[in-house]
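Dear colleague,

Please find the structure below, followed by an account of what was found in it. I would be grateful if you read the two side by side.

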Amino acid sequence: MTSFDAVFQSSINNPEEFWAEAAKGITWYRWCDKVLDSSNPPFYKWFSGGKMNTCYNAVDRHVENGRADQTAIIYDSPVTDTIRKITYKELQGQVANFAGALQAQGVTKGDTVIIYMPMIPEAAVAMLACARIGAIHSVVFGGFAAHELAIRIDHAQPKLIITASGALEGAKKLAYKPLVDAAIEQSTHKVETVVLFQRDFITAEMTEGKDIDWQDFVKDAKPADCVELDATDPLYILYTSGTTGMPKGVLRDNGGHAVALHYTMKALYDINPGEVWWSASDVGWVVGHSYIVYAPLIYGATSVFYEGKPVGTPDAGAFWRVISEHKVKALFTAPTAFRAIKKEDPNGELYKKYDVSSFECLYLAGERTDPDTLNWAKDMLGVPVIDHWWQTETGWAIVGNCRGIEELPVKVGSPTKAMPGWDVQVVDNDCQPVPPNTEGNIVVKLPLPPGTLTTLWRNEERFVKSYMTNFPGYYETSDGGFMDEEGYVYVMGRMDDVINIAGHRLSTGAMEEVISAHPDVAECAVFGTHDTMKGQLPVGLFVLKAGVDRKEEDIKKELVQMVRDQIGPIACFRDSAQVARLPKTRSGKILRGTMRAIANNKEYNMPSTIDDPAILDEITETLKTIGYPKA
Ligand code: COA
Ligand code: AMP
């Protein structure tokens, strides 16, 4: 048995012992009564009765244990031409002050706070300050439009919102304040206070009595201590796309989350305390929560906070510049970032300009890593390129290659094997295991390991229905794929209406809801198509209401604008076409999968329940007029 297999087996055979050992990496105020409480499945609880504080583990204990002067965060912002280093001691001061200001504002344990911020360290300060006092944060990605923010405000019901005056997207200046104001206007839950960080390049107009400048907020604040929390108390809500316009509020606890993230920094990423780690994502996504903020800090590493793009800030050498300048040991990003770099600098000329001798490994996740990108990156960098698979729900990798335990040979197209704690299986629709190399539903036997979602915020019913019902006793990942004889998992893609655009998770169902709301549209279908740069892009087909006689081009422009305004530019919704009718089953279900196959030039079986097969020829012809399938 290899050393990885031994670790894996012990995690599956003796999960309580395994995670109790891992929990030694966390500082507890009180050790738990039960490592795993299975009394109310599928609501499992890790470390119940345990007392701790995530912020204490991420900040204060390092100050107390000799890391006070070590850099905690390196803020590297090519868009504002700034590099700023923040030590653990400085971070402690900023977080304690901000937490004190929150308390003075009446925010207390169990209250929710929405954070809508660009990639600046103040976003981490806000998150950690909430964690410090037991407030539950919900970070919303800055690329979401006011409407999406409003949905989250109504659902999370925050006591206040923390934001910034704006962001720089390459050369574009984006004002956040008008979006926040519009979202508050649109929501029924009334937010009374907005704390705003003014940035040099854009000044937000403030409303007396509602908006508070960040500097004024913290000026006279009394630093707050870490509050003793139950390990099972919620740390954050992170909304993620489901199959409808209403996102799912994934809820994470404190104790299990801290234990699992701490464990992965060494086991999976092979990072040691004090080393420089860089996750080039955004705090608005789960990768940002776990691996820009919480995991590296809980582990006592140095985390790079990068406000820039892989290309265009200023060029495709940006990643190599950051690695060389800050002596980064490992980088974690999405394959799409590497495709963007490859397109601009196919021969790696810019890479050769930098001394990247500190660099030991590249980790990719967020979407499937295509073999071309993997091989290109590996050949150019000369270091391991490790794909790993996870989801917002899981908070950390389900399948990966544990370099800190034993680096397994990479098989191109596979993120390698189930991580310790994850009993991954592939089953058919009747929950029966399928033979090796046969595609099926990827599921995980319950209980899930620590750090994964405990429920959906204010929606236990949806939690049970979405994840725990179709395959009793298992967590339904909604990803399809297969496993080979050696246990290597191959993740082939979502089985639902969730798509992945440039490593960003979006819902075609949500886009359909927006398009259907157009006054001239009778019905529509949106599905994902393959894109060589962004992985997937959405395409929409719509049927007009009887009697509407308008130019198709005008309606298409309006639809693009509606999706930008209501979901956000990150939905990348550009291509659509008018059709006379949509293919449906005899019971009226729209055949999205068949249209997706046509648009992607994939073979498909004529659905036996199709109402009128001739419609598929019409769809094929229409898709051709807008360039699908792509060459
Ligand atoms: N705030 C506001 N708008 C944002 C935004 C943010 N944080 N992030 C993206 N947008 C906007 C962009 O400006 C763009 O708007 P436009 O249509 O007006 O031009 C739109 O959303 C699409 O953005 P994006 O998908 O990022 O495309 P791009 O062409 O600007 O950049 C890449 C392409 C590949 C460089 C970029 O997608 C990228 O870096 N991807 C990696 C993503 C990643 O790291 N994901 C982590 C998950 S693990
Ligand atoms: P998110 O919740 O935004 O992290 O998106 C999760 C989804 O992204 C998964 O359900 C997968 O469909 C996809 N995904 C993430 N990482 C990978 C990977 N390494 N390989 C294949 N798909 C991935």
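Ligand 2 is surrounded by 14 residues (a residue counts as near if one of its heavy atoms lies within 4 Å), and the closest are D387, H388, T392, D479 and R505. This is a predicted model, in which local features need pLDDT of at least 70, side-chain atom pairs count only at pLDDT 80 or more, and totals for chains, interfaces and linings use all residues. Residues are numbered from 1 along each chain as its sequence is written, chains are lettered from A and ligands numbered from 1 in the order in which they are written, and side-chain values use heavy atoms, with hydrogens and water left out.

Oxygen atoms of ligand 2 lie 2.5 Å from a side-chain N or O atom of D479 and 2.8 Å from one of R494. Taken alone, the ligand exposes 490 Å², of which the protein buries 94% (Shrake-Rupley method, 1.4 Å probe).

There are 40 aromatic pairs (rings of Phe, Tyr and Trp, the last by its six-membered ring, with centres within 6.5 Å). The ring centres of Y116 and Y176 are 5.0 Å apart and the planes stand at 45 degrees, so this pair is tilted (neither under 30 degrees, which is stacked, nor over 60, which is edge-to-face). Both Y116 and Y176 are buried (under 20% relative accessible area, 1.4 Å probe, protein chains only). For Y236 and Y294, the centres are 6.5 Å apart and the planes at 10 degrees, so the pair is stacked. One aromatic cluster is formed by W278, Y306, F319, W320, F338, Y351 and W376.

Yours sincerely

Definitions and conventions
Polar contact = N/O pair within 3.5 Å; in protein donor to acceptor, adjacent residues only side chain to side chain. Buried < 20%, exposed > 50% of the residue type's maximum accessible area, 1.4 Å probe, protein only.
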